[in-house]
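Dear colleague,

Please find below the structure that I am handing over to you, together with its sequence. My findings follow directly after it.

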Amino acid sequence: MIPTLYKSRLPGHLSYPIGAQALSAALAGAPHAEALTVAFSEHAVVSALDFQRLLRTRQPYRILRAEHEPARRPGISASNQMVEKGWYDEKWEIRVFPVLRELRHLANRLLKEEGLPAVAQWLRSSQQKGWDSRQQWIELVFDPSGETITVHEGGSVA
């Protein structure tokens, strides 16, 4: 099972659209699935007020982000403790964001049918030459009004 780093408590009107067990089952067998960790965050944008506005107006927002960060060399100011705790190690992370409780089943279905197969394909693409030397990410954007999930991928030079 994908280990959970943390799970923020949510107010009663919100729910996470998927759990660690379902994520693990959907991504089982994909490359790097055993290296993944998951965190459940309380809002999908920096500002809690902006997130509440997105929810209230039923605007699209990300409900899942998977990210790969390549290993980095510790800088001169890096402490041995930071190195020992793995701050500079390669990371494979998933972050899950909440939905309105009444939309949980819709979001869960869309994740299982469309979103998580796209994440599994993204993990498979990591086997391409040079892929793992850059920061890479995939986001699943949930549109409550259109009842869709859109996939966005990107990366940058590490």
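I begin with a charged residue in the interior: E67 has a relative accessibility of 18% and so counts as buried, the limit for that class being under 20%. Please keep in mind throughout that the model is predicted.

**Salt bridges**

E67 pairs with R65 in a salt bridge whose closest N and O atoms lie 3.2 Å apart. R65 is likewise buried, its relative accessible area being 17%. R65 has a further partner in E139, and in this salt bridge the closest N and O atoms are 2.7 Å apart. The residues of this second pair come from distant parts of the chain, with R65 in strand β4 and E139 in strand β7 (residues 134–143), 74 residues apart. E139 is also buried, at a relative accessible area of 13%. Together with R62, the residues R65, E67 and E139 are linked in a network of salt bridges. As general background, side chains of opposite charge can pair when their charged atoms come close.

The search of the whole structure found five salt bridges. One of them joins the side chains of R58 and E102, at 3.0 Å from N to O. R58 sits in the loop between α2 (48–57) and β4 (61–69), while E102 sits in the loop between β6 (99–100) and α4 (104–125), so this pair ties together parts that are 44 residues apart in sequence. With regard to solvent, R58 is partly exposed at a relative accessible area of 31%, and E102 is exposed at 53% relative accessibility.

**Overall architecture**

The protein contains four helices and eight strands. Read from the N terminus, the order of the elements is β-β-α-β-α-β-α-β-β-α-β-β. The protein has 158 residues, of which 42% count as buried. If one considers contacts between residues at least 6 apart in sequence, 71% of them join residues at least 24 apart.

**Packing of α1 against α4**

How are α1 and α4 oriented to each other? Helix α1 (residues 20–27) packs on α4 at an angle of about 60°, and the two axes are 9 Å apart. The two helices are therefore oblique to each other, since roughly perpendicular would require 65 to 115 degrees. Their crossing is right-handed. On the α1 side, the contact is made by A22, L23, A26 and L27, and on the α4 side by K112, L116, V119, A120 and L123. Sorted by class, the contact comprises eight nonpolar residues, no polar residues and one charged residue.

**The surroundings of V99**

V99 belongs to strand β6. Is V99 buried or exposed? With a relative accessibility of 0%, V99 counts as buried. Its C-alpha atom is separated by 5.6 Å from that of S15, although V99 and S15 are 84 residues apart along the chain. When neighbours within four places in sequence are left aside, V99 is in contact with H13, L14, S15, P17, Y61, I63, R104, A107 and F142.

**Backbone points to inspect**

Two residues deserve mention for their phi angles. Most residues other than glycine have a negative phi. H32 is not a glycine, yet its phi is positive, at about 70°. This residue lies in the loop between α1 and β3 (36–40), and H32 is partly exposed, with a relative accessible area of 26%.

E147, which is not a glycine either, has a positive phi of about 55°. Its place is the loop between β7 and β8 (148–157). At 46% relative accessibility, E147 counts as partly exposed.

**Summary**

In brief, the charged residues R62, R65, E67 and E139 form a salt-bridge network, while R58 and E102 are joined by a salt bridge between two loops. The helices α1 and α4 pack obliquely with a right-handed crossing. V99 is buried in the model, and both H32 and E147 have a positive phi.

With kind regards

Conventions
Residues numbered from 1 in each chain as written. Predicted model: local features only at pLDDT ≥ 70, side-chain atom pairs only at ≥ 80, totals over all residues. Heavy atoms only, no water. Salt bridge = Lys/Arg side-chain N within 4 Å of Asp/Glu carboxyl O. Buried < 20%, exposed > 50% of the residue type's maximum accessible area, 1.4 Å probe, protein only. Axes fitted to C-alpha atoms, helices over the stretch in contact; angles between N-to-C directions. Parallel < 35°, antiparallel > 145°, perpendicular 65-115°, else oblique. Left-handed = near helix turned anticlockwise from the far one by under 90°. Contact = heavy atoms within 4.5 Å. Nonpolar A, V, L, I, M, F, W, Y, C, P; charged D, E, K, R; others polar.
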